[in-house]
Structure formats: C-alpha cells, structure tokens
Amino acid sequence: MPYKDKETAKKRRRELWSNRTPEQKERRRKRVRLHDKRPERKEYQCKRRFAAKVEILTYYGNGNPVCVTCGESRLACLSLDHINNNGAEERRSRAKYGYNIYKHLKAQSFPSGYQTLCMNCQFIKAHERQGFYREVSGSQ
Ligand SMILES: [Zn+2]
C-alpha cells in the first residue's frame, strides 16, 4: 500500500497482523510448518520418508524389502516398479514422485500393479522390453 509516510504504513501493517481471522492464522501456521528447516524437523521428515519407503517396498516385495527377481536387499538400490510399464503414463496423469507415490499408494491401501525391483533388474527389464539385447544375442 503506497502510504506517504513510513510510520503510517507500519502502523497499518501491525493492525492487519493483529486483526487476522482464525483462517488466516491457520493458513500462516501451515505455511510455516511446510517450510520448517530446523535440523530436528528435517531429521523427523527424513525418518518418516524412509519408514514409508521401507513399508511400501516391504509390501510390494512380498513381505520383505527385497528385489522380487534377484533377492537384492540393500535398500539404497531398491525401487518400486510398475509391472505393466505404465510409470511414465501414471506420472503424467497424477504427477507423483518419490515420497508422494508411497504416500499415495498407502492412502489407496496398496493397489496392485507394482513390485519391488532393484535398479539392476529395472534396467534389465527396460533393455529386454526395448529389444537391445535381442540383436546382440541373435548374432552370437
Ligand atoms: Zn534385482
């Protein structure tokens, strides 16, 4: 607001701030919580995301967080695979990545069409699907 003198502007801002409606206060509180960068908060969120990942990978790994093809159990290389190769399509329609897909699957009470795979098996699956190996093994 273009006030002529700064004191009036300050006074007006203070007035607006102290006369906020409960909805405005709640909105503000939510926004602050969302951008909370305190280390303890970050650690909590990190743990929560990790727990969600383990839970989802355990469910889709048939009871253990392991790759369903080769049995790899190191969590760092495990990922969620779309059995019908419709991941790109799904991301396009719902735009869910990372933690949000875990949250989404949990909210939908674990729909089918997913499995736990390690990245090696993911790449092998992709290569087999795209036929990169067919030419090589055919010429041998
Ligand atoms: Zn594997």
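Which residues make up the largest nonpolar core? I began my notebook with this, keeping in mind that I am reading a predicted model.

**Entry 1: the core.** I found that the largest nonpolar core has 10 residues, and I wrote them down as Ile56, Leu57, Tyr60, Val66, Cys67, Leu78, Leu105, Leu117, Cys118 and Cys121. I then looked up which elements they come from, and helix H3 (39–60) and strand E2 (114–118) each supply at least two residues of this core. H3 gives the most, with 3 residues. I followed one core member, Tyr60, a little further: leaving out residues up to four places away in sequence, Tyr60 touches Leu80, Tyr114, Gln115 and Thr116.

**Entry 2: the chain as a whole.** I counted the secondary structure next, and the chain comes to 7 helices and 2 strands. Reading from the N terminus, I noted the order of the elements as α-α-α-β-α-α-β-α-α. I also looked up the overall dimensions, and the C-alpha atoms fill a box of roughly 85 × 30 × 25 Å when it is taken along the principal axes. The radius of gyration of the chain is 24 Å, whereas a compact globule of 140 residues would have one near 14 Å. As for burial, I noted that 9% of the 140 residues count as buried. Among the contacts with a separation of 6 or more, 65% are between residues 24 or more positions apart.

**Entry 3: helices H1, H4 and H6.** I turned to helix H1 (residues 6–18), which has 13 residues and reaches 18 Å from its first C-alpha to its last, close to the 18 Å expected at 1.5 Å a residue. H1 is hardly covered, since the count of buried residues among its 13 residues is 0. I made a similar check on helix H6 (residues 119–130): its 12 residues should span 16 Å at 1.5 Å a residue, and its end C-alpha atoms are 16 Å apart, which agrees. Just after H6, I noticed that Gly131 takes a positive phi of about 80°. Helix H4 (residues 87–94) has 8 residues, and the number buried is 0, so H4 lies largely in the open. Just after H4, Ala95 takes a positive phi of about 50°.

**Entry 4: Leu75.** Where is Leu75 found? I located Leu75 in the loop between H3 and strand E1 (78–82). Leu75 counts as partly exposed because it has 14 C-beta neighbours inside 10 Å, while a residue needs 20 or more to be buried and 12 or fewer to be exposed. Leaving aside neighbours within four places in sequence, I noted that Leu75 is in contact with Val54 and Pro65. I also looked up how Leu75 lies relative to Arg12, and the two are 63 residues apart in sequence and 54 Å apart in space, C-alpha to C-alpha.

**Entry 5: Ser109 and Phe110.** I looked at two residues of the loop before E2, starting with Ser109, which lies between helix H5 (98–107) and E2. Ser109 has a positive phi of about 50° although it is not a glycine. Is Ser109 buried or exposed? Ser109 is exposed, with 6 other C-beta atoms within 10 Å. Phe110 lies in the loop between H5 and E2, and I noted for Phe110 a positive phi of about 55° although it is not a glycine. Phe110 is exposed, with 12 other C-beta atoms within 10 Å.

**Entry 6: confidence.** Finally, I looked up how far the prediction can be trusted. The chain averages a pLDDT of 86, and 93% of the residues score at least 70. Which element has the lowest mean pLDDT, and which the highest? Among the elements of the chain, I found that helix H7 (residues 132–139) has the lowest, at 56, and E2 the highest, at 94. Where pLDDT is low, the predicted coordinates should not be read in detail.

Technical notes. Residues numbered from 1 in each chain as written. Predicted model: local features only at pLDDT ≥ 70, side-chain atom pairs only at ≥ 80, totals over all residues. Core = buried A, V, L, I, M, F, W, Y, C linked by C-beta atoms within 7 Å. Helix = DSSP H or I, 4+ residues; strand = E, 2+ residues; numbered from the N terminus. Contact = placed C-beta atoms within 7 Å. Rg over C-alpha atoms; globule rule 2.2 N^0.38 Å. Expected span 1.5 Å × (residues − 1). pLDDT = per-residue confidence, 0-100.
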